[in-house]
Amino acid sequence: MSITITAFDRSPDRGMGLARDTRVRWALEETGQPYDVRLVSPKAMKEPEHLALHPFGQIPTYEEGDLVLFESGAIIFHLAQRYPGLLPKDADARARAITWMFAALNTVEPPILDLVIVRITEGDKPWAADRLPLVQERIRARLKLLVARLGDAEWLDGEFSAGDLVMVSVLLRLRPSGMLDEFPSLAAYVARGEARPAYKRAFAAQWAINAPEPQAS
Ligand code: GTB
């Protein structure tokens, strides 16, 4: 059954790989599944055809035969359950890897998204300057504990898993702010994720669509 995902026709990050289709592409590459991409404009995302796939009018979506999914975490979880490569065989290790997926999405990603909101989306609001340090401190508090748990390990729990894939993808969103570099062990952890051949293929595929046009001299 062929797989089709959706992505921005032109990602606002201009190819940095921060839009959420990249993590889904990465999971597809890790599990060795070929896939097609349908590019969607911001306007088309809010039209009935796309809303039938994604109730909130966003990307990414996932279609495989009659199965339609949305939410990057759910899509990655589906791929990890269906195809080998992203979850350990041992039941307890598998449950722990799934726990890390949830931790990345529910505990680490929210304060990072708050930072994006306060710096960019609401950066011109009068409260933004007061709110910024509060959000930054919440992120630091959380990441200090993540650093402690990761320790000297290569990955969060034994072999690389879907938990690492989602955590690395979430932490990547912090890079443009410079805050990732405050945590060298996490920056190195993210770099290990980016060094995986599957990540490189996923990044290159989205770059091919989103890379800025060369400027005429
Ligand atoms: N919880 C959902 C998931 O994980 O799939 C969130 C999906 C989501 O936020 N999708 C965004 C979207 O469709 C694109 S990825 N937005 C359009 C809309 O809501 O109308 C978020 C994103 C956007 C831009 C950057 N960037 O420029 O760096 C990074 C990430």
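Visitor: Which residues does arginine 23 touch, not counting residues up to four places away in sequence?

Guide: In this predicted model, the partners of arginine 23 are Ser72, Ile76, Leu105, Glu109, Leu165, Ser169 and Val170. Arginine 23 itself belongs to helix α1, which covers residues 21-30.

Visitor: Is arginine 23 buried or exposed?

Guide: The term buried applies under 20% relative accessible area. Arginine 23 has a value of 6%, so it counts as buried. Its side chain also makes a polar contact, at 3.3 Å, with the side chain of serine 72.

Visitor: Into which domains is the protein divided?

Guide: Domain 1 comprises 3-85 + 200-210, and domain 2 comprises 91-196. The contact between them draws on 13 residues from domain 1 and 20 residues from domain 2.

Visitor: How should one read the area that the two domains bury between them?

Guide: Buried area is the accessible area that two parts lose on being put together, summed over both. Here the domains bury about 1,500 Å², with 63% of it on carbon and sulfur atoms. Leu18, Arg23 and Trp26 supply 41% of the area that domain 1 buries against domain 2, more than any other three residues.

Visitor: How many salt bridges and how many residue pairs in polar contact are there between domain 1 and domain 2?

Guide: There are three salt bridges, and three residue pairs in polar contact, both residues at pLDDT 80 or more.

Visitor: Which elements give two or more residues to the side of domain 1 that touches domain 2?

Guide: These are α1 and α4 (72-82). Helix α4 provides the largest share, five residues. By class, this side of domain 1 has seven nonpolar, two polar and four charged residues.

Methods:
Residues are numbered from 1 along each chain as its sequence is written. This is a predicted model: local features need pLDDT of at least 70, side-chain atom pairs count only at pLDDT 80 or more; totals for chains, interfaces and linings use all residues. Side-chain values use heavy atoms; hydrogens and water are left out. Helices (H or I, at least four residues) and strands (E, at least two) are DSSP runs, numbered from the N terminus. Buried means under 20% relative accessible area, exposed over 50%, partly exposed in between (1.4 Å probe, protein chains only). A polar contact is a pair of N or O atoms within 3.5 Å; within protein, one must be able to donate a hydrogen and the other to accept it, and residues adjacent in sequence count only if both atoms are side-chain atoms. Contact means heavy atoms within 4.5 Å. Domain bounds come from an automatic or database domain assignment. Buried area is the accessible area (1.4 Å probe) that two parts lose on being put together, summed over both. A salt bridge is a side-chain nitrogen of Lys or Arg within 4 Å of a carboxyl oxygen of Asp or Glu. Ala, Val, Leu, Ile, Met, Phe, Trp, Tyr, Cys and Pro count as nonpolar, Asp, Glu, Lys and Arg as charged, and the others, Gly among them, as polar.
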